[in-house]
Amino acid sequence: MAQQQEQPSKVEGWAYPFALKTTQTASAPEDYLKALAVAEDGFYPIGTNGLWHGGIHFGAQTAATFDQDGGVKCIADGEVVAFRLDSELQELDYPGGIKAGYSKGFTLVRHRLVLPVAPAQPSGSNAQPQNPTPPAEDVLTFFSLYMHTLPLDGYSSNTQGNASRKALPAYYGSTVTFTVGASANDPQLKATGEPDSTTKGLRVRASHSAHADVVAWLPPGTKITVGQKHGKWGRIASFVTGAAQPYKQGSSLHAGAANGWVYTGEMVEESKPSAVDQIYILPKPSKVSAGETIAWIGEYQRLVEARAHNTLPPKIGERPLLHVEVFTGDDLNAFIARSRQRAQQLDAKSRTLLLISKGAKLVQPAPAGTSIPAGTNIKVASDSPANGPWCKVVKVNATGHPLSGQPPLWIARSDSQDNGERAAWSQFPLQVQSAGGEAAAWSRVVSTGTAPACAEAANKNWYQVSIADANDEQVTGWVCDHGHPLVELKTPWDWPGFEVATLDASVSVMFERALYVADSGSPDEIARFEDSFDTARSDEVIKRLEDAIDGQEQKDGKITARELQKALGKPWLADRIDHLIVRYESEWGGEMAKWDALDSHMHEGLPVWQAEKTRIDALRFWRTIQGVTNWQSTAKVWHFHPLGLVGNFLQGGCSCSEDMTKEELKRIATLAPSSRIDAYIDSVNETFKQYKFSSCMARVHFLAQILHESGELGTTLETGGPKSYDPWRGRGLIQLTNEANYHRYQDYSGVDVTSSLIAMRKLESAPHAMLSAAWYFCIVSSLLHAGDDDDFIWITRTINGGLNHYDARLVYVNRAIAVLGLQRCAKRNHNGIYLFRESKAYHEKRASFAWGLWSDPGLHKIGKQKNAADAKEGYRRYLELDSQGGHPLDAHGHPVDRGWYGIGAQTRVFDYVNQRLEQLNSQGN
């Protein structure tokens, strides 16, 4: 089947296949590799059997370190192009009637990695306009493969002790049906108009509202499909079983009954995929985002598990396993070379990876050279870094003013609140010229977003790192991102630390090499196998692995999977493994002859091996999907370590797809009791998914606003005496007020929040207190994009109308950035502050006036620090925009801009602004 030609979206987001089970706020790439070291087998690029292995495995062992209950996540934005979904577990027949179960299902995703556009030339040059379609050489098409996926019958069963519901991914093209089941609670009316309580079904309404007219009734067991959807309301498209009945017994069936609306939230939802037990190429690829659940862990039983259950039918859960693999075609080398050239043109802010080359030496803090006497008053200097173990201070008098002639000093940040004698430094405790000690024996790549950091000055940062010396002993110290020998900042597009190599050894040579390393065979066989060992050892891949992980005192070339496993726990060695890109023929393609060549080595194990070969053959799919656009005709491709690729491009240790933990929410909402955190944590994560908070900064800004508005999740009901709009008073975390808004939310969500006081009170607790707040943030206020763009000023102005409690909201933003380790994701956050000129508010008159008003030191607008320079900037920007707009007038010839923010109903904003500017200037501000 030829696949429909369509330009896929480029990769903008990245995610690890599974989140780590950790309370750390930001996990580094090496943390994921270390967690993978507990796997039983399936290491990259050599498996436990000594043969080539192009991917990595997740299973029962890794469930202790990775959160695998929610399914495997797609590693990058892309599109599903092909899949195979088994209806049930496959069975492999071993000799003696022993059966092993396994999943031969897979999902294949195509990704499009596009080089960043080179910065435009300065105006007035001969720069050409940017072409929205990148040249072919700026694009790398690669694929991610998720192999041994859960069969269809695993979606309906509670397996592996996991009680969570496994939802079929949408790309399976399932036909969804809804059945009237036990949750339906609507009685049909008797002919007299009284409810018939003997049978409960579901009402059909004229529109998607709990207030719409009832046009029919569905009895229990009725199964339908729906077409148009509105929240959890669905319009009947067809009847699979059963039919609509009159709502009132004995009446005629309403004309709109066949296509009325039903509330699907009270029905049983089922899915039937479009293709089962076959390799299916999607006619139109299905877009998928990084972090989206792409599959669920399936099964792969070996002989040992098969013997354990002997002749009993194998079942899911005896050996869960999923294989994840990433590969691309022969244009890789040219793309990396072009990428490294492009990286030299990119903005310095994109350099977020530290390349610590072999031979680099670290810096240790210098001993304190002076001290501050006990009782001396100090305060933190205005140019002191905001984080790190040291801060810059100045000595002050009793009124807090700096003492003249006293130079600033550096002290331990932990001593800044003490009043006793404190050790101090006259200069920053770390100096590049002090680098010494043991040199790095291997290169390392460190993400600046996850390493402990300290700023010495603007654009000069220090990072605490670990390297290893020639004896493989860990050395910890500091490196500077400027002027440190053999240390330099790189962008992901530099591909720092990555090496490419081709493995030429055949399957037979690799197997004989493994037998030689294991000393498995007769003396004559071992002698013969030595030739294969020598052949493989001369291969560039084996050479690089030997250099990376073989013991310094050995260097005997006897690299095993267990050595690879052990190396994953050492960051300087794991770097060499996950940054190695290898060209080799995929195990999912090629001829069976390469596997037949191993027959002569199996001896008495040949019958078992013959069975294994039937499974190998069943798992191959390469030639069957040639209709996929950009698919490689040959199975000899370049393989990436999946975690190495993700770790290079997923910056700052941030994974926007990961759920927020209780510990993280508690560290942001510091005053909220644990019971409140427990009550809301699930709805926080459900809200992020349902309203598509796909960036970490959008999540931060949403949380900051609701935490302030609700007093850290404590206030969900508008207080005070009777209101003119009762009973529709404010409810929820960003309070939903007035009858019209209640109905708008009900229509959008499909949840009854209007029919009674009990229904309204759903908004006062999780999940709807949270979900309604997200509805206001995302749908009513359209703030998702502003959140992605880190535009705090615009978000606050939109939520509040003005800038009330601006500083309090900012505290939550900065705290969330710190807790979640998002410093590199905060595009507009400058050491805790946001600049008015960088905000969308700068381009709106009312927002500009608000910025001036709330910053004005001569006024009393609440909640924002006063600053005359900010006030004048806002006022002047208002005048500029007003002038550009021609000083607009209303139909009566009066200025449109009057009475804003309580300045007086008839007061002209233009006049008020000029008056305030005159007063500020006259006061010397």
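How far is the sulfur of Cys454 from the closest cysteine sulfur, and in which residue does that sulfur sit? I looked this up before anything else. The closest cysteine sulfur belongs to Cys391 and lies 9.2 Å away, too far for a bond. I kept in mind that this is a predicted model.

**Cysteines**

I then searched the whole structure for disulfides and found zero. Cys391 is in no disulfide, and its nearest cysteine sulfur is that of Cys454. The cut-off for a disulfide is 2.5 Å between sulfur atoms, so the 9.2 Å from Cys454 to Cys391 rules the pair out.

Next I asked whether these two cysteines are buried or exposed. Cys391 has 1% relative accessibility and therefore counts as buried. Cys454 is buried too, with a relative accessible area of 0%. Buried here means under 20%.

**The sheet β29-β30-β31**

I turned to the strands. Three of them form an open sheet, ordered β29-β30-β31, with antiparallel pairing. Which strands stand at the edges? They are β29, residues 453–457, and β31, residues 474–480. Each has a single partner strand, so one side of each has no neighbour in the sheet. I also noted the twist: neighbouring strands are turned by 30° against each other on average, with direction ignored.

I went through one pairing in detail. Strand β30 covers residues 460–468 and pairs with β31 over seven bridges, in the antiparallel sense. I picked out Gln464 and looked for its bridge partner in β31, which is Trp478. As a reminder to myself, strands of a sheet pair through backbone hydrogen bonds.

**Arg528**

I found Arg528 in helix α5, which spans residues 523–537. Is Arg528 buried, partly exposed or exposed? Its relative accessibility is 49%, so I logged Arg528 as partly exposed. The cut-off for exposed is over 50%. I also took a C-alpha to C-alpha distance from Arg528 to Tyr516: 8.9 Å in space, with their positions 12 residues apart in sequence.

**Confidence**

I checked pLDDT last. The protein chain averages 89, and 94% of the residues score at least 70. Where does pLDDT stay under 50? One such stretch is residues 122–131, for which the model has four contacts beyond four places in sequence. Residues 158–164 are also below 50, and this stretch has nine contacts beyond near neighbours in sequence. Where pLDDT is low, the predicted coordinates should not be read in detail. I left the contacts of both stretches as counts and went no further.

How values were computed: Residues are numbered from 1 along each chain as its sequence is written. This is a predicted model: local features need pLDDT of at least 70, side-chain atom pairs count only at pLDDT 80 or more; totals for chains, interfaces and linings use all residues. Side-chain values use heavy atoms; hydrogens and water are left out. Two strands pair if DSSP finds at least two bridges between them. Helices (H or I, at least four residues) and strands (E, at least two) are DSSP runs, numbered from the N terminus. Axes are lines fitted to C-alpha atoms, for helices over the stretch in contact, and angles run from 0 to 180 degrees between N-to-C directions. pLDDT is the predictor's confidence in each residue, from 0 to 100. Contact means heavy atoms within 4.5 Å. Buried means under 20% relative accessible area, exposed over 50%, partly exposed in between (1.4 Å probe, protein chains only).
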